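Here is a short report for a first look at this structure. Keep the view open while reading.

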Amino acid sequence: MADTKDICLRREHETPDTAAGMHGPDGSEEAPQGATPAEPSDAEATQVIDEQVAETPSVSAEPAGAAEPVADLDDVVAGEPAGGPDEPAGDESAVAAGGKGRKPKGKRKGRAKKALIWTAAVIVVLAGAYVAAAWFLGDRVPGDTRVAGVDISGLAVDEAVRTLDEGLAEARTVPVPVHFGDVSGELDPTTAGLDVDTEATIARITGFTLDPRVVLGHIFGLGDQPAVSTIDEAALDGAVEALAGSLDVPPTEGVIEFVDGAPVVTEPADGTSLDVEGASELLADEWLTGQRPLELPSDAVPPMVDSDVIAAAMSEQVEPMLSGPVTVALNDTTAELAPAEIASAATMALDDASGSLVLTLDGSALAELVTAKVPSIGEAPQDAQIVLGDNGPTIVPAVTGTGLDPAALAEGVRAASVNTDPAARTATLELTQTEAEFSTADAEALGVTEVIGTFATPYPHDPTRTANLVAGTAHINGILVLPGERFSLLDALRPITAANGYTVSGVVVNGFEGEAVGGGLSQVSTTSFNAGFEAGLTDVTHQPHSRWFSRYPEGREATVYDPSIDMVWENNTGYGVLIQAYVTDSEVVVTLWGTDVFDVNIVTGGRYAFTSPQTVYNTSANCIPEPGGSNGFSVDVTRTVSRDGEVVTDDTYSHRYSAWNRVVCGPAPSGDDADDG
């Protein structure tokens with residue numbers, strides 16, 4: 001058997017046949033000349049074939065009589081003929097040269113399958129280890145972890161919650177310093193509904209989770225993590241709105257006034273308004289860890305009367321008016337009005353429709369000037385008047401005019417005064433008999449006979465402020481408001497200047513005490529508002545103070561600030577309303593006379609939504625320090641107005657008062673200053 005094996009092996013290496021094995025062209029076996037073939041047994045032949053398969057990539061022998069090539073080993077493994085029935089089983093040249101030929105496909109596929117299996121096994125092992133680590137480490141905070149500066153690294157859940165509660169105890173209640181425009185303030189997080197949910201904060205970074213940031217954080221650390229805030233949106237919006245009430249800066253409207261015949265211009269300037277929605281969002285995100293002070297977002301509020309409007313009014317109306325005299329021609333008589341005389345009767349009023357300032361002249365004042373210059377001109381007509389005497393209102397009859405028509409005179413002089421051509425600066429009028437616009441019959445029909453509303457407010461001892469109260473009440477005393485007309489307090493008080501009887505006194509501007517000409521006129525406004533409120537007149541506009549003054553009824557007061565904050569009511573009685581206003585030795589009194597047609601019921605509710613005083617910092621050059629005082633609060637006032645048993649209006653007014661904060665002049669202290677202190 002060994003000889004047979006040797007012979008077969010020698011045949012394999014010595015035969016130069018093709019890849020068909022040792023077959024000849026006809027399929028018979030051939031041996032080298034002189035060799036004696038041996039006939040192996042079935043078992044021996046099987047051993048020889050097995051050894052050949054193990055030693056060479058191609059089969060070198062086949063049983064005698066086979067007519068077709070032996071299949072390639074790859075195809076045997078795969079269960080298919082190699083290359084099909086008509087193709088050779090391997091590379092003949094490679095076999096003849098002693099090379100290995102094509103690598104068996106079965107080995108490649110086998111190795112790929114093994115690699116895939118091993119890769120899957122590794123992934124399964126790693127995933128299992130990852131899940132196991134996530135489960136095992138979930139009851140502790142990852143290492144190197146801080147929340148709002150509080151170190152909770154590696155702590156168990158309960159201990160981490162307790163540590164965070166203790167570490168944030170002060171930060172959760174300390175006022176948040178904020179900055180807006182030129183002022184700084186503070187927001188109480190408790191009042192604003194801001195707090196930290198420590199349990200939710202810890203839960204985000206503990207417990208079973210497959211989040212790689214948390215799992216890997218146990219190895220590498222999580223670093224600084226945000227706190228989970230709880231936010232009462234209604235309380236936050238209310239606190240921010242209250243903050244806006246004390247920090248908003250109204251725009252400065254451009255104004256042209258005439259003092260001693262010369263124009264005095266108040267330059268316009270943008271105001272600043274707190275972006276309430278943006279500020280609420282910023283505070284919700286940054287109240288705990290944001291940079292101090294928090295810079296709140298704001299919007300610029302442009303004035304209605306800007307520099308362009310002022311420039312146009314000056315160049316087109318004021319400068320031409322003051323460029324020279326205007327001649328008034330009356331039949332055969334003339335009178336000359338100097339620029340300063342015209343200016344004494346002039347005002348520059350805002351035309352809401354066009355947004356421009358319009359020159360307006362007082363015809364009655366001009367008529368007095370012309371009549372004084374030319375006495376022969378005669379008398380201007382005089383309207384009937386309703387005046388207040390010791391026994392109440394009385395009527396002074398109207399007087400028919402024998403000369404000038406004030407309205408025609410005012411329009412003629414105005415048109416001539418803005419004409420820059422000297423030859424065209426003449427107002428030509430005719431002397432006629434003119435009836436008064438407001439006759440005696442008109443006055444009687446107004447029914448101004450009884451008190452329909454009165455109110456009084458006490459004032460503090462402050463001689464300078466009291467002088468403004470006297471001047472203010474004098475300017476509104478005796479004003480007759482016709483049916484359907486509106487009474488504007490600012491229109492009645494203007495101009496609020498020293499020349500018009502006002503002095504510099506204390507005011508509250510943007511939530512801070514200061515000084516301005518006309519300080520104290522808000523008391524005239526509040527008293528006038530309440531007289532109309534109790535008379536049942538229509539409330540057109542009023543704005544309560546940002547802080548409550550104990551001398552005024554809460555929820556029922558009105559500030560005034562020229563030019564942006566007015567107090568206006570409308571005469572809805574169908575009769576005339578005559579204003580009587582004066583100052584006693586202790587009170588400001590406003591009484592309204594007319595015909596009483598309304599039943600008025602006013603109910604003031606209890607206070608609610610209290611806020612505590614805070615410390616605010618004011619960097620304004622005119623800052624006045626304040627010690628702080630009472631809490632802020634909200635209040636509701638309901639007014640029901642009825643006429644002949646029918647309800648005319650039933651309105652509820654709600655207002656939020658800010659606390660009387662402690663005001664410190666200067667910037668808010670920095671963190672370093674606070675540490676040193």
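Arg-494 is partly exposed, with 34% relative accessibility. In this predicted model, the side chain of Arg-494 meets that of Asp-562 in a salt bridge, 2.9 Å from N to O. The two residues are 68 residues apart, and their pair links distant parts of the chain. Arg-494 sits in the loop between α17 (489-493) and β23 (504-509). Asp-562 sits in the loop between β25 (538-541) and β26 (568-570). Asp-562 is partly exposed too, at 31% relative accessibility.

**Other salt bridges**

Arg-556 forms a salt bridge with Glu-534, with the closest N and O atoms 3.0 Å apart. This pair also links distant parts of the chain, 22 residues apart. Arg-556 lies in the loop between β25 and β26, while Glu-534 belongs to helix α18 (residues 521-535). Is Arg-556 buried or exposed? Arg-556 is buried, because its relative accessible area is 9% and the buried class covers values under 20%. Its partner Glu-534 is partly exposed, at 31% relative accessibility.

Elsewhere, salt bridges that share partners join Asp-144, Arg-146 and Asp-224 into one network.

Glu-411 and Arg-414 make a salt bridge within one helix. Their side chains meet at 3.6 Å, N to O. Both residues lie in helix α14 (residues 406-417). They are three residues apart, which is about one turn of the helix. Glu-411 is partly exposed, with a relative accessible area of 45%. Arg-414 is partly exposed as well, at 23% relative accessibility.

How many salt bridges are there by this rule? The count comes to 12 salt bridges. The table sets out three of the pairs described above.

| Salt bridge | N to O distance |
|---|---|
| Arg-494 and Asp-562 | 2.9 Å |
| Arg-556 and Glu-534 | 3.0 Å |
| Glu-411 and Arg-414 | 3.6 Å |

**A four-stranded sheet**

Now turn to a sheet. Four strands form an open sheet in the order β20-β28-β27-β21, and the pairing is antiparallel. Which strands form the edges? The edge strands are β20 (450-458) and β21 (480-481), and each pairs on one side only. Strand β21 is joined to strand β27 (residues 577-583) by two bridges, and these strands run antiparallel. Val-481 stands opposite Val-577 in β27.

Helices pack on this sheet. Helix α16 (residues 463-476) touches β27 and β28 (587-594). The direction of α16 makes about 160° with that of β27. Helix α18 packs on the sheet as well, touching β20 and β28. The direction of α18 makes about 145° with that of β20. Helix α18 has appeared before: it holds Glu-534, the salt-bridge partner of Arg-556.

**A buried glutamine**

The last stop is Gln-317, placed in helix α11 (residues 307-321). Gln-317 counts as buried because its relative accessibility is 12%, and the buried class lies under 20%. A polar atom of the Gln-317 side chain lies 2.8 Å from the backbone nitrogen of Leu-359. Which residues does Gln-317 contact, leaving aside its neighbours within four places in sequence? Gln-317 is in contact with Ala-312, Met-348, Leu-357, Val-358, Leu-359 and Val-418. Leu-359 thus appears both in this list and in the backbone pairing with the Gln-317 side chain.

Methods
Residues are numbered from 1 along each chain as its sequence is written. This is a predicted model: local features need pLDDT of at least 70, side-chain atom pairs count only at pLDDT 80 or more; totals for chains, interfaces and linings use all residues. Side-chain values use heavy atoms; hydrogens and water are left out. Buried means under 20% relative accessible area, exposed over 50%, partly exposed in between (1.4 Å probe, protein chains only). A polar contact is a pair of N or O atoms within 3.5 Å; within protein, one must be able to donate a hydrogen and the other to accept it, and residues adjacent in sequence count only if both atoms are side-chain atoms. Contact means heavy atoms within 4.5 Å. A salt bridge is a side-chain nitrogen of Lys or Arg within 4 Å of a carboxyl oxygen of Asp or Glu. Two strands pair if DSSP finds at least two bridges between them. Axes are lines fitted to C-alpha atoms, for helices over the stretch in contact, and angles run from 0 to 180 degrees between N-to-C directions.
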